[in-house]
Amino acid sequence: MAEVSRILQSTLIPSFHPHPKTHTFQSHPPSFKRHPVQCSISTTESTTKATVSQKIPWGCDIDSLENASALQKWLTDSGLPPQKMGIQKVDVGERGLVALKNIRKGEKLLFVPPSLFITADSEWTCREAGKVMKKNSVPDWPLLATYLISEASYLKSSRWSNYIDALPRQPYSLLYWTREELDRYLEASQIRQRAIERVTNVVGTYNDLRLRVFSKHPDLFPEEVFNIETFKWSFGILFSRLVRLPSMDGKVALVPWADMLNHSCEVDTFLDYDKSSKGVVFTTAGPYQPGEQVFISYGKKSNGELLLSYGFVPSKGANPSDSVELSVSLLKSDKCYKEKVEALGKYGLSARECFPVRITGWPSELMAFAYLAVSPPSMSKQFEEMAAAASNKSTTQKDLRYPEIEEEVLQFILDSCEVSISKYSKFLQASGSMDLDVTSPKQLNRRLFLKQLAVELSTSEQRILFRAQYILRRQLRDIRKGELRALTIFNGFRKWFK
């Protein structure tokens with residue numbers, strides 16, 4: 001597996017609005033042969049839908065090296081300088097870049113020239129299709145997704161054919177999980193909802209493009225090529241491989257060869273454009289001997305985020321950036337529920353929010369939300385201040401402290417943690433007996449693989465919540481011991497004065 005991305009988007013794809021037509025022109029696509037994607041259709045009394053069994057005719061198996069030598073030759077012929085790494089099968093990631101020579105710590109590697117980047121400005125094999133997309137002001141992400149499909153469909157007629165042949169035919173991505181599988185295996189994790197939203201956004205983007213662009217130019221964008229299955233493929237590639245280059249003003253690009261590097265939680269080195277060498281490079285975090293896999297970092301992402309975009313979960317305790325989204329909510333029985341919701345709404349928050357909890361603790365924004373959730377009517381003047389701090393948009397003191405309700409706040413967070421812990425425990429206990437009724441070997445292998453990922457994610461997220469539970473219980477115990485001690489002293493003085 002080879003994935004490179006430093007993009008974490010809360011809103012997947014911006015909507016676009018085509019400009020009104022100012023003139024018309026005839027489309028004459030080149031006479032290159034395109035490879036369609038066959039869509040099998042199933043019908044019922046009320047619905048007609050494409051099945052998920054469609055096959056992408058380009059690319060290769062995710063662990064395949066069959067096109068590696070052709071890719072390396074094409075890259076060399078296209079301007080990639082001699083490399084100290086080669087593509088090989090590896091233990092972490094199935095395939096990756098491995099040192100061919102001794103590599104020093106702090107050494108710069110890759111030097112991929114801009115002529116090998118795929119960006120929103122890349123030239124289309126079908127130039128008329130590119131003109132239509134630009135004319136309709138399609139944003140970079142859906143533009144690149146469409147570009148990838150277009151170039152892939154032209155097979156050897158596209159200059160990118162050797163690169164596309166080396167891409168996985170089915171990327172590891174939650175886009176390929178069915179809704180039933182998301183509900184079944186990720187029921188305890190908040191990543192489930194984010195995965196559903198991502199799938200919904202990809203489908204919505206495809207439908208938007210089909211309505212606004214593809215249906216008006218069927219000769220350029222035939223449905224047998226540009227359909228939901230090919231869009232799931234292209235977005236899976238983008239989510240797992242697109243990189244943002246800070247030194248090129250944040251330009252996003254696919255960088256062939258560089259995207260064969262796998263992620264390690266133990267390194268802190270990223271891809272970027274080097275102006276002096278005029279290529280994409282990274283600086284090694286340590287030395288490598290011949291035969292050792294070379295790693296970069298995909299960013300400080302939680303295990304859930306890594307699963308969402310890249311389709312893997314690091315081993316237990318290996319990710320120092322791991323976190324779990326803790327769901328907290330206002331109580332509808334709260335006498336000030338309406339006022340609190342209004343205060344949150346001013347800062348873009350709702351009555352139910354999620355906050356990241358790490359093994360080292362939780363953010364001040366979670367504390368602020370908890371203060372608001374438990375605060376009595378007598379503190380109504382502080383509602384807006386609490387809501388602002390919960391949104392991280394406060395212009396005053398960020399770390400709020402209200403000692404009079406500190407105990408209630410910690411108990412509120414503890415209760416939320418324990419609700420989540422019980423969900424993870426329920427799933428992990430049930431996971432052992434899941435899928436015992438599956439008889440198809442192919443389906444069973446897939447189910448077992450997905451279940452393994454889900455168990456690893458649930459175990460890592462529950463581990464963080466157990467740590468938070470321990471800390472919260474200790475803090476509450478200390479508060480209550482202090483209150484008991486103060487009450488004992490007070491009663492002693494009262495008896496003495498009597």
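Arg447 is buried in this predicted model, and its relative accessible area comes out at just 13%. With the cut-off for burial set at under 20%, that value is why the residue counts as buried rather than partly exposed. Arg447 sits in helix H13, which covers residues 441-497. Look across the fold from there and Glu181 turns up: the two C-alpha atoms are 8.5 Å apart in space, although Arg447 and Glu181 are separated by 266 residues in sequence.

Moving on to the nonpolar interior, the largest core has 80 residues, and Met85, Leu110 and Trp233 are the members that touch the most others. Helix H3 is the top contributor here, giving eight residues to this core. A second core, separate from that one, holds 62 residues, among them Leu308, Tyr371, Val409 and Met434.

Trp233 deserves a closer look. Setting aside neighbours within four places in sequence, Trp233 is in contact with Ile56 and Trp58, with Leu148, Ile149 and Ala152, and with a further group made up of Ile164, Leu167, Pro168, Arg169, Pro171 and Tyr176. Leu148, Ile149 and Ala152 also show up on the H3 side of a helix pair, with Trp233 on the H7 side.

That pair is H3 (residues 140-153) packed on H7 (residues 228-241), with the axes 9 Å apart and an angle of about 115° between them. The crossing of H3 past H7 is right-handed. On H3, the contact also takes in Trp141, Pro142, Leu144, Ala145 and Thr146, while H7 brings Thr230, Phe231, Ser234, Phe235, Ile237, Leu238 and Phe239 alongside its tryptophan. Sorted by type, the residues of this contact come to 13 nonpolar and three polar, with no charged ones.

The other helix pair to mention is H10 (residues 364-374) with H11 (residues 383-390), whose axes come within 7 Å and cross at roughly 155°. Angles over 145 degrees count as roughly antiparallel, so H10 and H11 fall into that class. H10 passes H11 in a left-handed crossing. From H10, the residues involved are Glu365, Ala368, Phe369, Tyr371 and Leu372, and they meet Phe383, Met386, Ala387, Ala389 and Ala390 of H11. This contact splits into nine nonpolar residues and one charged, with no polar ones. Tyr371 is the link back to the interior: besides its place in the H10 contact, Tyr371 belongs to the second core of 62 residues.

How values were computed
Residues are numbered from 1 along each chain as its sequence is written. This is a predicted model: local features need pLDDT of at least 70, side-chain atom pairs count only at pLDDT 80 or more; totals for chains, interfaces and linings use all residues. Side-chain values use heavy atoms; hydrogens and water are left out. Helices (H or I, at least four residues) and strands (E, at least two) are DSSP runs, numbered from the N terminus. Buried means under 20% relative accessible area, exposed over 50%, partly exposed in between (1.4 Å probe, protein chains only). Axes are lines fitted to C-alpha atoms, for helices over the stretch in contact, and angles run from 0 to 180 degrees between N-to-C directions. Angles under 35 degrees count as roughly parallel, over 145 as roughly antiparallel, 65 to 115 as roughly perpendicular and the rest as oblique. A crossing is left-handed if the near helix is turned anticlockwise from the far one by less than a right angle, and right-handed if clockwise. Contact means heavy atoms within 4.5 Å. Ala, Val, Leu, Ile, Met, Phe, Trp, Tyr, Cys and Pro count as nonpolar, Asp, Glu, Lys and Arg as charged, and the others, Gly among them, as polar. A nonpolar core is a set of buried Ala, Val, Leu, Ile, Met, Phe, Trp, Tyr and Cys residues joined through side-chain atoms within 4.5 Å.
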